Amino acid sequence: MRSHLITPRRLLVAVIVFLLFASFAKLQWAIAIADPPRQALLFILRPLVYPLHALTAGSAAPDPLETDIADRIKLHEENQKLLQYARGLEDLLRRERERIADLSHMRSDRTLNLDKVKLIDAGVLYWQGGAAPTLTINRGSGDGIAQGMAVASQSNLVGRISSVSAGTATVSLITTPGSLLDVRVLPPDAGAAGRETVIQCKPIKGDELFEAVASHTDPIEVGDYAHLRLAENVLATETRWPDESAGLIVGQVVKVEEHPDDPKLRTRVTIKPQRSLRGLTRVFVLSPEN
């Protein structure tokens, strides 16, 4: 039986001899020898390479690093939105707690009679200074606000409504120069007996302070509270405070000193509001219930 001229063993030996020759030959000869077979092999395989490459590229999974970065950015953005929403809820909860505390404080104040009074919660839009300082609030006639209603912060008198629109209202403050307030000066414990003085105070221009003149024998002490008293006789040019404002705190006595013009018979009393009127963010409008 004739043996085949080309067998796998002979082919393997020939390849080994070819590689040995190419490795010892000059670079130009090695390239010239190896290039024709390589080009022939590429010519045969190239038509199959491009379709396979396109198929594998289309089905290849996205770069895990790029996917991880995109997911991290998306998670960070969602986390920031949730944190912002949580902060908004915390602010809302804080404001509601403050509102409840203010309502509780006003309802528990024994100097006030709020049985037939509706307290309308309002936010302060802005404060305006000048000769006649005012506040603008975010409640108006559509919310039941009317001109002349008293405005308070906790048990502290702030002012009264001077003008109203459908959605806002303007509050004239008690510190408006030229205004006069009748007050009852009482000790911090309103139940204490024998310690009440009725005086009239007026704002000190340029300051959130009031001054009043009292008799040298009047029992007024530093720390006493000045509560609004409804004047019995009101001039035709003046506006009487509404009944529901009686008892609201105008301020606290911070100084009692001899009057410079009559030191033996009179004293000068300085009263300061408990809260700065220009720093208020929320107030209550006292509306009488029908």
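This report covers confidence, an internal cavity, strand pairing and ring contacts in a predicted model.

## Confidence

The mean pLDDT of the protein chain is 80. A score of at least 70 is reached by 68% of the residues.

Among the elements of the chain, strand β5 (residues 169-173) has the highest confidence, at 95. The lowest belongs to helix α2 (residues 27-59), where the mean is 63.

## Cavity

Searching the whole structure for cavities of 30 Å³ or more returns one. The volume of the largest cavity is about 40 Å³. Two elements, β4 (156-164) and β10 (249-258), each give two or more residues to its lining. The largest contribution is that of β4, with three residues.

The lining of this cavity includes Asn156, Leu157 and Val158, and residues 156-164 make up β4. Ile249 and Val250 also line the cavity; the range of β10 is 249-258. The other lining residues are Ser153, Pro273, Gln274, Arg275, Leu277 and Leu280. Sorted by class, the lining holds seven nonpolar residues, three polar residues and one charged residue.

## Strand pairing around β10

Strand β10, which contributes to the cavity lining, pairs with β9 and is also joined to β11. Its pairing with strand β9 (residues 225-228) is antiparallel and has three bridges. Within that pairing, Ala226 has Gly251 of β10 as its bridge partner.

Strand β11 (residues 266-272) also runs antiparallel to β10, and six bridges join the two. One of the bridge partners in β11 is Thr270, which is matched with Lys255.

## Ring contacts

How many aromatic pairs does a search of the whole structure find? The count is zero.

A contact between a charge and a ring is present, however: the charged end of Arg160 sits over the ring of Trp241. The distance from that charged end to the ring centre is 4.1 Å. Residue 160 falls within the range of β4 (156-164), the element that gives the most residues to the lining of the largest cavity.

Terms used. Residues are numbered from 1 along each chain as its sequence is written. This is a predicted model: local features need pLDDT of at least 70, side-chain atom pairs count only at pLDDT 80 or more; totals for chains, interfaces and linings use all residues. Side-chain values use heavy atoms; hydrogens and water are left out. On a 1 Å grid over the protein atoms alone, a cavity is a set of points where a 1.4 Å probe fits but cannot get out, and a pocket is an open set with protein on both sides within 12 Å along at least five of seven lines; lining residues have an atom within 4 Å of a point. Grid points are joined across faces, edges and corners, and a volume is the space filled by probe spheres set on the points. Helices (H or I, at least four residues) and strands (E, at least two) are DSSP runs, numbered from the N terminus. Ala, Val, Leu, Ile, Met, Phe, Trp, Tyr, Cys and Pro count as nonpolar, Asp, Glu, Lys and Arg as charged, and the others, Gly among them, as polar. Two strands pair if DSSP finds at least two bridges between them. Rings of Phe, Tyr and Trp (its six-membered ring) pair if their centres lie within 6.5 Å; planes under 30 degrees apart count as stacked, over 60 as edge-to-face and the rest as tilted. A charge sits over a ring if NZ of Lys or CZ of Arg is within 6 Å of the ring centre and within 35 degrees of the ring normal. pLDDT is the predictor's confidence in each residue, from 0 to 100.
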